Amino acid sequence: MAIELRGRARVLGDDINTDYIIASTRKRDTLDEQVLKRYLLEAVDPTFAASVKPGDIIVAGSNFGCGSAMEIAVTVILATGIRAVVARSFSRTFFRNAVNNGLLPIECETSGIAEGDIVGISASERVVVGDESRGSRVEAKPLSPMVREILDAGGLVEFVRLGRWDRLSDRRG
């Protein structure tokens, strides 16, 4: 598996919890991510969702996705066309939900990336995040082989549909 992504950095801070990603009040009416994507991160920046372009990359600080273990937080991000989140660290449940739904979670130092910078991600056995606007590169925490296989399939459902389920008992990811 080799993933190559390039997009505009959308920079957030530390401790972006799942209720910031999509507010609980919004989920009372619907769980349809195509509707909810209009409200992505409205608690952090009410204009954020309207300004997202497909291919943008969320760049955050520590503890991204903390709070409740809502899968909808990941699917709403994906519904906007964002395919990766680069953060210093993730909550464990958000990381697993991201992998299971095909959202690329990359852990590395993010303090040098500014809003609007062009970020490139190269993920295979090694994971490298480059800030093309500033000419810098940082090696990210590697993804386990199992995580890479699930992401390569497009998420856990596709992984199982493709008949790779038996491989889960062979490796932990």
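**Group meeting: a walk through a predicted model**

Let's start at I118, which sits in strand 5, residues 118-123. Strands here are DSSP runs of E with at least two residues, helices are runs of H or I with at least four, and both are numbered from the N terminus. Before going on, a word on where this comes from: it's a predicted model, where local features need pLDDT of at least 70, side-chain atom pairs count only at pLDDT 80 or more, and totals for chains, interfaces and linings use all residues. Residues are numbered from 1 along each chain as its sequence is written, and side-chain values use heavy atoms, with hydrogens and water left out.

Back to I118. Is I118 buried or exposed? Neither, quite: I118 is partly exposed, at 26% relative accessible area. For the cut-offs, buried means under 20% relative accessible area, exposed means over 50%, and partly exposed is in between, with a 1.4 Å probe and protein chains only. Setting aside neighbours within four places in sequence, I118 touches R6, G7 and R8, along with G130, D131, E132 and S133. A contact here is heavy atoms within 4.5 Å. I118 doesn't list F64 among those contacts; the two are 54 residues apart in sequence and 21 Å apart in space, C-alpha to C-alpha.

Hold on to F64, since it comes up again in the core. The largest nonpolar core has 52 residues, and F64, F94, I106 and I121 have the most contacts inside it. By nonpolar core I mean a set of buried Ala, Val, Leu, Ile, Met, Phe, Trp, Tyr and Cys residues joined through side-chain atoms within 4.5 Å. Helix 5 gives the most to this core, six residues. What does F94 touch, leaving aside its neighbours within four places in sequence? Its partners are T18, I21, F64, G65, A73, V74, I77 and L103. As background, nonpolar side chains tend to be buried together in soluble globular proteins.

Next, helix 7, residues 145-153. Seven of its nine residues are buried, so helix 7 is largely enclosed by the rest of the structure. The buried ones are M146, V147, R148, E149, I150, L151 and A153. They pack against strand 1 (3-11), helix 6 (92-101), strand 4 (104-107) and helix 8 (156-161). Right after helix 7 comes G154, with a positive phi near 100 degrees.

Speaking of phi, most residues other than glycine have a negative one. L41 has a positive phi, near 60 degrees, and lies in the loop between helix 3 (33-36) and helix 4 (48-51). L41 is buried, at 1% relative accessible area. N63 also has a positive phi, near 65 degrees, in the loop between strand 2 (57-60) and helix 5 (72-79). N63 is partly exposed, at 28%.

Now let's zoom out. The protein has eight helices and seven strands. Its radius of gyration is 15 Å, close to the 16 Å that the globule rule gives for 173 residues, so it is as compact as a globular protein of that length. That radius is taken over C-alpha atoms, and the rule is 2.2 Å times the number of residues to the power 0.38. The C-alpha atoms fill a box of roughly 45 × 40 × 25 Å along the principal axes. Buried residues make up 47% of the 173. And of the contacts between residues at least 6 apart in sequence, 63% join residues at least 24 apart.
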